[in-house]
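User: Hi! Could you walk me through some aromatic pairs and a glycine contact here?

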Amino acid sequence: TGAVASTSNDKKGCRRTLMQLLDWQEWASHLRTFISLLRCRTVVLTLLQGAPGCIPWGIVNTYLNDYLSEDRGMSVEGATLTILVFGFGNFLGMLLGGMGGNFLYKMDPRYPNLLSGVAAILGCVPMWVLINTVDAGSPVLYTISTSVLAGVGSGVTGPIVKATLQNTTLPNTRGQAFALFNTFDDFGRGLGPVFVAMMITSMGGRAPAFNVGMIGWILCGSFNMAMYFTVKNDENMIQTTLSEKIQRQNKEGKIRACFDENQGTGPTQDTSM
């Protein structure tokens with residue numbers, strides 16, 4: 001009987017899920033939320049900044065290890081260690097983005113976006129150095145410092161962009177906003193290596209393609225810096241909307257409490273003889 005009950009519950013769950021998928025009102029609600037998100041300029045910029053960044057990340061994640069060993073003459077172990085050090089620098093960059101962004105936010109909500117934009121743009125410089133100058137004969141300290149700096153520049157943006165997206169969306173739209181952000185991010189991760197492969201074919205080599213591909217982080221940083229002009233106004237709108245909603249709920253709660261109190265304290269009859 002347990003197996004039968006389990007099967008019945010599974011069928012009910014599948015039927016309920018199917019009904020939700022076919023509910024046009026639910027889809028209309030999601031569409032309205034999607035349109036309201038795109039009306040926020042900061043949300044649009046957070047989505048746009050990730051698109052050009054997919055090309056440099058495609059270079060780092062897919063091609064850089066093999067490029068350093070095959071084109072720059074490094075050993076496989078040395079190239080792998082260079083990528084590992086880059087990852088450590090990326091971790092430091094995320095810490096810098098989190099703590100530095102929090103510190104700057106207390107000064108002005110617009111300043112963290114300047115930090116993320118400047119870091120993404122400056123991070124291109126050590127990446128170009130890594131691509132064009134680091135080889136088997138480079139000193140270890142030079143290779144490590146270049147890799148760390150490149151990783152730091154690439155890691156600052158992530159925490160700040162996510163915090164900005166959270167601060168400029170309402171609680172009831174935040175889930176869909178992050179779902180949209182992650183979809184764009186994952187889509188870019190898949191297309192990044194494809195774009196890099198097309199660039200390698202059209203430019204006749206990996207070095208020129210990688211050098212041009214790094215411009216993606218400059219565009220990413222530019223979109224982040226553009227949020228400086230939008231984030232404060234959008235965040236104030238969100239705070240105003242939330243304050244009005246809370247005040248309206250408090251007012252409705254007081255009215256309901258007064259009504260319940262009046263209902264419970266009606267006139268009493270004198271039953272004494």
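Below are a few questions with short, reasoned answers.

Analyst: Happy to help; this is a predicted model, where local features need pLDDT of at least 70, side-chain atom pairs count only at pLDDT 80 or more, and totals for chains, interfaces and linings use all residues. Residues are numbered from 1 along each chain as its sequence is written, and side-chain values use heavy atoms, with hydrogens and water left out.

User: Which geometry do the rings of Trp57 and Trp217 have?

Analyst: Rings of Phe, Tyr and Trp (its six-membered ring) pair if their centres lie within 6.5 Å; planes under 30 degrees apart count as stacked, over 60 as edge-to-face and the rest as tilted. Here the centres are 5.6 Å apart and the planes lie at 80°, so the pair is edge-to-face.

User: Is Trp217 buried or exposed?

Analyst: Buried means under 20% relative accessible area, exposed over 50%, and partly exposed in between (1.4 Å probe, protein chains only). Trp57 has 27% and is partly exposed. At 4% relative accessibility, Trp217 counts as buried.

User: What kind of aromatic pair do Tyr63 and Phe210 form?

Analyst: Both Tyr63 and Phe210 are buried. Their centres are 6.2 Å apart with 50° between the planes, and the pair is tilted.

User: Which residues does Gly123 touch, not counting residues up to four places away in sequence?

Analyst: Gly123 is buried, with a relative accessible area of 3%. Its C-alpha is 4.0 Å from that of Gly153, 30 residues apart in sequence. Counting contact as heavy atoms within 4.5 Å, Gly123 touches Ala150 and Gly153.
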